[in-house]
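Here are some short exercises on reading a protein model, each with a worked solution. Try each task yourself before you read on.

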Amino acid sequence: MNGGSLGTPRRTLGLIVNPTAGMGGSVGLKGTDGEEILARARALGAAPIAPARAMEALREILPMRDEVELFTSQGDMGEDEARACGFEPMVVGSARSGRTTADDTRSDAREMLRRGVSLLLFAGGDGTARDIHEAVRDRLPVLGIPTGVKMHSGVLAINPRTAGSLAVRFLQGKVGVCRGEVMDIDEEAFRHGRLSARLYGYLNIPCDRRMVQNVKIGSVATEREAPEGIAWHIIDGMEDDCLYIVGPGTTTKAIMEKLGLEYTLLGVDVIHRGEIEALDVNESRLMGIVRGDKAKIIVSVIGGQGFIFGRGNQQISPQVIRLVGRENIIIVATESKIVSLKGSPLLVDTGDGAVDGMLRGYMRLVTGYGKSIIYKVS
Amino acid sequence: MRLRRYHAEVWNEPVITEMGRSGERGIRISGAGEEIREAVGDARSYIPSKMRRGRPPRLPELSQPHVLRHFLRLSRQTLGMAVNIDIGLGTCTMKYSPIVNEDLLRLPEFADLHPLQGEETVQGILEIVHRFAAFMKEISGMDEFTFQPGGGAHGIYTNACIIRKYHEVQGELGQRDEIITTLFSHPADAACPATAGFKIISLYPDGETGLPDIEALKAAVSERTAGAMITNPEDTGIFNPRIDEFVEIVHEAGGLCAYDQANSNALFGIARAREAGFDMCHFNIHKAFSSPHGCMGPACGAVGVREELAEYLPVPVVVFDGSGYRLDYDRRHSIGRARQFHGNLEAIVRAYAWVMSLGAEGLRKVSETSILNTNYLIRRMSGARGVSMAYPKQAVRLDQVRFSLQELKEDTGVGTDDVSRRVVDFGVQEYFTSHHPWVVPEPFLPEPCETYSKEDIDRWVAIIHRICEEAYADPEIAKTAPHSQTISKIDQEMLNDPARWAMTWRAYERKHGKGE
């Protein structure tokens, strides 16, 4: 699945550029999903930014040109950018005229999967990440060159150059894969002032351990191992008379894995005495289960911006939070996740100002077995 | 400034296990005389049969000149502290240790001592230990010291054990199982109490000041707090001016406070653990007190405590009873021994000589010079392209300063690992980036302690300026560095791969296909 173990060079690279990604941003459209919005963006004078950013990433890979076979989508979806940088790519996908659509992204991504590329690079934002995810799921390592307006997903590199250099290190067999979140918000609702974010799933991404770990010290827990330590910490502290509401995400669901339980990766599950009480519950079900019983909420930091409530876990509503109480909230996060916030506080947006206010201030984040960090929530 | 031309020696020296030949010997040891053989029998018979090796260990077999040549070559391939401007290893306080002090260690009065000698026959060294403890009490404000721990982390671990024992005696150990530290304290302030069985809570630094927020501490303390273990100035060179309030909050919660004084080189005669309210502290004698770093060897983590905790110190403690010095084993709540015997006393002898040569005023001068040097370096660094100082709103740094090469990395692709490898091409030691996690991205952390002259600092900073300029012109030079060194760039990912790394020759052969 991940193109061989560490140390084995990987030789094929796919590239899909969403040429319109990011165009809505400069003209204040909060996204560029859909034909009509794209037309409005163009009418407002928006210019494409994705091609230039894709090329910035490609230039990092150029020194490997002779060792790597590059597959791209047609025309301005990758081929043009690759040729302009000096690559001679193999073009996949059928010829198309006129404007590209999300369907093109999906079908080309499927084609890349069929061709067995070692890594699929895409240039885009959350919307493009969703399209790619729909097409390849976890069957192919993927890395995003960030060019979109909305960039909540954890599959995008911090900038195009980093995307390029990380791709190189991955192709050289020097880094492995880990999972990154695919998040998106409903653009239409957002334009009307409502924010509705969802966690759509996870893509396999090259894992840059250098963010958290000194390459010279190998014994530090890797990103893959950190959630295990967190999970055992939570499990060893579990009380018999308490319900545990387990929010979405890989860090929280590691607890379910260690308990040998079924779980809903993108939903909210409830456990009691190490057994499942309910799977994939909605808010009203949750309120019904908790009633007046003692309960704790376990949530992780979702997406790149640091939300703990109000993004992707809206089932845990303000009413549920109030019922459970602030002191019974357990936040779990890997150190790399915290460092990636660059000092910005964790965010809450439950839709209830009073509950948000209650959650603000310093909270404890479990980062490993017997390890926690005190961090600000705003 | 003109940079020095430099190229390291290259010997392409094999590993010693690949050298020599079967039967080659450095010393031929003659067999035991007949009289001895008769008296004691076969030496092997003294080893229980189950413990005997089936075959002899595969030791290298070499003659004396070959051994000497091999290790001299290795030493010449090493960019040692004494041959370079060793400013880059922040948190390490790479100061000059006067060579004359080595003479003291070679005096037979010291070198011929045996740790099992009766105390009446070692009054001289006990006096030095006792007098040095008196210096340490004055420097820290603590009441009693032990020099048993063999290094900094060992000193911190000793303090964690004292905290553990204290709560055990109070009958509260079951409840008090959490130690608070800060993310910019030395990582041993988290790792050592964790090893002693505590859970660890770290305070994340504020994004503006780089310091832990007092409100964060209030959120951390509870009836489960056993204590706090904090470095100050932290490993950013920034001093927490509210440290006494931190200590008070932990005390109110029922915890003890241990001051990690690894960064004390900036504090001699300026600030003390006692006035900040701490219950205990530790110093790295091999850093600020001018004894060479032990490389996991003969170092010393000096632990000092207040009178109330003197009963908990490791035994024995050297005391003076009015007529002579003796070893006091009578400590009611002693944590036991931190290690065999009395610690690495060669470090104490050097440190004693160093303090004597400086006096109180001289010590203060050491710290003032260290602070001045750091802030001079900061001024000189300004204008280096792609370099920024972390937490610029903090005007002053004490013993060290944390910079970031994030901008250089974004602009050129050259990151701090590349620059660290590139500096050695200019004849200075690879620098220390910083402890992990990298809260400050692409960090480096120079510490220009009092050893270094203005010209040394100018020269070191000029190297950084030069490498940054070069990175903008041709990033490949730094990315493929080093170019003038004994070895070229190595694949660091390999060091991280359990399938390929090897700590012993046997493991190397096993993992690389030649094993048994």
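**Exercise 1.** Find which strands of chain A helix α3 lies across, and how it runs relative to β1(A).

*Solution.* Start with contact, which means heavy atoms within 4.5 Å. Helix α3 (residues 50–61) of chain A lies across β1 (12–17), β4 and β5 of chain A. Next, compare directions: α3(A) runs at about 165° to β1(A). Axes here are lines fitted to C-alpha atoms, for helices over the stretch in contact, and angles run from 0 to 180 degrees between N-to-C directions. Helices (H or I, at least four residues) and strands (E, at least two) are DSSP runs, numbered from the N terminus. Now try helix α6 (residues 126–136) of chain A: it also lies across β1, β4 and β5 of chain A, running at about 150° to β4(A).

A note on the source: this is a predicted model, in which local features need pLDDT of at least 70 and side-chain atom pairs count only at pLDDT 80 or more, while totals for chains, interfaces and linings use all residues. Residues are numbered from 1 along each chain as its sequence is written, chains are lettered from A and ligands numbered from 1 in the order in which they are written, and side-chain values use heavy atoms, leaving out hydrogens and water.

**Exercise 2.** Work out the strand order of the open five-stranded sheet in chain A, and which strands stand at its edges.

*Solution.* Two strands pair if DSSP finds at least two bridges between them. Following the partners gives β3-β2-β1-β4-β5 in chain A, with parallel pairing. The edges are β3 (90–91) and β5 (142–146) of chain A, each with a single partner strand, so one side of each has no neighbour in the sheet. Look closely at one pair: β4 (residues 119–124) and β5 of chain A are joined in the parallel sense by five bridges. There, A123(A) stands opposite I145(A) of β5(A).

**Exercise 3.** Check the length of helix α5 of chain B, then find where its buried residues lie.

*Solution.* The expected span is 1.5 Å times one less than the number of residues. For the 18 residues of α5(B) (residues 123–140) that gives 26 Å, and the end C-alpha atoms are 25 Å apart, which agrees. Next, list the buried residues (under 20% relative accessible area, with exposed over 50% and partly exposed in between; 1.4 Å probe, protein chains only). Among them are I125(B), V129(B), F132(B) and M136(B). The buried residues cover an arc of only 135° around the axis, which puts them on the same side of α5(B); the arc is that of the directions from the helix axis to the C-beta atoms.
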